[in-house]
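Reader: Could you take me through the loops of this structure, and then on to what lies beside them? I am new to it and would welcome a careful, unhurried account.

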Amino acid sequence: GNSGMTAPGRRVPKDGLVAVLSAAPARAKVGTSWIGSPPVQLRRAPKQVDQSRTFAPARHLKVARGIVEVFRLVPATTALTLLLGVLLALAAVVQRLGWPLAAAVSGVVVLAAGVVAAVVTSVAKWVLVGRIRASEHPLWSSFVWRNEVADTFVEMLAAPWFARQAAGTAALNVWLRSLGASIGAGVWCESYWLPEADLVRVEAGSTVNRGCVLQTHLFHDRIMSLDTVSLSGGATLGPHGVILPAATIGTATTVGPSSLVMRGESVPAHSRWTGNPIGPWPGTTGPAS
């Protein structure tokens with residue numbers, strides 16, 4: 001799973017699962033699933049799926065995926081083109097007006113490049129996948145491949161040129177809205193990791209700290225399952241926290257750092273939680289005062 005860990009001498013069992021933000025067990029039987037740190041065994045029945053769309057694709061699907069994968073070069077090429085454009089623009093300023101003025105306007109040039117990167121990424125998302133809804137898709141399907149290409153635009157173009165620098169600003173909120181996310185007024189957001197932004201709702205006054213993941217999809221048995229993630233008004237997700245699909249953090253509720261909100265959980269309003277997976281915050285017995 002995402003951000004999962006396996007220490008020396010430990011292993012992920014055959015046909016097994018180590019979940020999001022979880023550690024591999026010291027010993028594990030074939031086909032078992034584990035969650036948390038330290039890990040505990042998770043009851044999970046593997047899905048009965050169409051093998052031709054998961055583990056045993058036909059040749060035409062492999063060819064189709066290969067064609068789509070080539071398009072991952074587009075965001076990489078766009079990022080390099082943007083870098084070249086910035087360098088040429090600054091070189092032109094140096095040649096005509098000198099180094100001092102070039103240094104003075106360099107910030108504006110880089111800012112303009114960031115805006116271009118953000119706009120191109122947003123356009124690419126809507127062209128490639130359009131509006132995303134709660135659903136399921138096998139690994140060998142057009143949606144999954146196109147969604148991966150859209151994510152490559154985010155990671156290779158928007159993140160280095162715009163999103164990382166815009167963390168915690170209104171500009172990041174505006175961009176996330178352009179991807180389809182519902183971001184309320186006064187939201188403090190330091191993370192761009194909203195994989196399928198259409199499925200995210202962050203209500204007014206909420207806080208999403210640095211390194212958080214609002215994880216709107218999971219891959220189990222090579223099936224991509226998508227669902228909504230919600231933070232109610234005034235909720236807080238601590239640094240490097242993860243909330244899984246179909247989960248909700250209640251009004252004015254705090255989830256601590258490096259904590260995991262399980263799939264489908266509804267965290268009560270006006271309470272405090274921490275841990276992996278979450279439990280009551282030490283020293284609290286009920287709703288926070």
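Author: The model is a predicted one, and a good place to begin is His-240, which is found in the loop between strands β13 (236–237) and β14 (242–243). His-240 is not a glycine, yet its phi is positive, at about 65°. With a relative accessible area of 48%, the residue counts as partly exposed, because that value lies between the 20% and 50% cut-offs.

Ser-258, in the loop between β16 and β17 (260–261), has a positive phi of about 50°, although it is not a glycine. Ser-258 is partly exposed, with a relative accessible area of 43%.

The loop between β15 and β16 (254–255) holds Thr-253, whose relative accessibility is 0%, so it counts as buried. Leaving aside residues up to four places away in sequence, Thr-253 touches Gly-234, Ala-235 and Thr-236, and also a run from Val-267 through Pro-268, Ala-269 and His-270 to Ser-271, together with Trp-273.

Two further loops contain cis peptide bonds. One such bond joins Ser-37 to Pro-38, with omega at about 5°, and Pro-38 sits in the loop between β2 (33–35) and β3 (40–42). Another joins Asn-276 to Pro-277, where omega is about -5°, and Pro-277 belongs to the loop between β19 (272–274) and β20 (279–280).

Beside the loops there is the nonpolar interior. The largest nonpolar core has 35 residues, and among those with the most contacts inside it are Leu-231, Ile-243 and Ile-249, as well as Trp-175. The elements that each supply at least two residues of this core include β12 (229–231), β15 (247–249) and the helices α4 and α5 (170–178), and α4 gives the most, with five residues.

Helix α4 (residues 142–163) deserves a closer look, since its 22 residues span only 27 Å between the end C-alpha atoms, short of the 32 Å that a straight helix would reach at 1.5 Å a residue. The helix bends by about 40° at Leu-157, and Pro-160 follows within four residues.

Finally, the largest pocket holds about 650 Å³ of space. Among the 32 residues that line this pocket, those closest to its centre are Asp-151, Glu-155, Trp-193, Pro-195 and His-217. Helix α4 provides the largest share of the lining, eight residues, so that the helix which gives the most to the largest core also gives the most to the lining of this pocket.

Conventions:
Residues are numbered from 1 along each chain as its sequence is written. This is a predicted model: local features need pLDDT of at least 70, side-chain atom pairs count only at pLDDT 80 or more; totals for chains, interfaces and linings use all residues. Side-chain values use heavy atoms; hydrogens and water are left out. The bend at a residue is the angle between axes fitted to the seven residues ending there and the seven starting there. A nonpolar core is a set of buried Ala, Val, Leu, Ile, Met, Phe, Trp, Tyr and Cys residues joined through side-chain atoms within 4.5 Å. Buried means under 20% relative accessible area, exposed over 50%, partly exposed in between (1.4 Å probe, protein chains only). On a 1 Å grid over the protein atoms alone, a cavity is a set of points where a 1.4 Å probe fits but cannot get out, and a pocket is an open set with protein on both sides within 12 Å along at least five of seven lines; lining residues have an atom within 4 Å of a point. Grid points are joined across faces, edges and corners, and a volume is the space filled by probe spheres set on the points. Contact means heavy atoms within 4.5 Å.
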